[in-house]
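Please look over the sequence and the structure shown below, with attention to how the strands are arranged. The report that follows takes the strand pairings one after another.

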Amino acid sequence: MAQELPTAPVRVDAWIWSVRLAKTRSAAGTACRAGHVRVNGERAKPAQLVRPGDEVRVRQEGRERIVIVQKTVAKRVGAPVAAECLIDNSPPPPPRELLAVPVRDRGAGRPTKRDRRDIERLRGF
């Protein structure tokens with residue numbers, strides 16, 4: 001029986017990028033600095049360390065991803081390996097119909113006040 005070695009803590013921005021929650025490492029760092037990343041309920045800076053068992057919440061594209069760290073990885077890994085490094089507890093994404101943006105006819109001119117209010121109501125403002 002091989003014993004599993006405890007995994008070393010890793011920077012949260014590197015881990016988010018490694019498990020493919022962010023497209024680039026700089027985007028992960030920017031999300032941390034903007035306050036879109038929380039580790040165990042606390043706002044995370046890019047250099048904060050994560051360990052197995054930590055809960056990481058990443059807010060991106062109008063949705064929140066909630067994941068539990070299973071393994072720490074510092075280098076970007078393939079999608080099948082990345083899936084083993086986390087447990088995804090995120091709510092399902094909203095249906096595409098709700099994300100649809102109304103299209104105005106070309107040449108229709110500037111939206112009226114009524115149009116603007118309808119657009120804002122659709123977007124949820």
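## The hairpin of E5 and E6

In this predicted model, two residues lie between the strands in the hairpin of E5 and E6, and Glu 61 takes a positive phi near 50° there. The two strands of this hairpin, E5 (residues 55–60) and E6, run antiparallel and are joined by six bridges, and Gln 60 has Arg 63 in E6 as its bridge partner.

Strand E6 covers residues 63–69, and because five of its seven residues are buried, that is, under 20% relative accessible area, strand E6 is largely enclosed by the rest of the structure.

## The sheet as a whole

Strands E5 and E6 belong to an open sheet of five strands, whose order is E3-E2-E5-E6-E7 and whose pairing is antiparallel. Strand E3 (42–43) and strand E7 (86–88) stand at the edges of this sheet, and since each has a single partner strand, one side of each is left without a neighbour in the sheet. In general, the strands of a sheet pair through backbone hydrogen bonds, in either a parallel or an antiparallel sense.

## Pairings at the two edges

At the edge formed by E3, the partner is strand E2 (residues 37–39), which pairs with E3 in the antiparallel sense over two bridges, and here Arg 38 stands opposite Arg 43 in E3.

At the edge formed by E7, strand E6 is the partner, and the two pair in the antiparallel sense over three bridges; in this pairing, Val 69 stands opposite Leu 86 in E7.

Terms used: Residues are numbered from 1 along each chain as its sequence is written. This is a predicted model: local features need pLDDT of at least 70, side-chain atom pairs count only at pLDDT 80 or more; totals for chains, interfaces and linings use all residues. Side-chain values use heavy atoms; hydrogens and water are left out. Two strands pair if DSSP finds at least two bridges between them. Helices (H or I, at least four residues) and strands (E, at least two) are DSSP runs, numbered from the N terminus. Buried means under 20% relative accessible area, exposed over 50%, partly exposed in between (1.4 Å probe, protein chains only).
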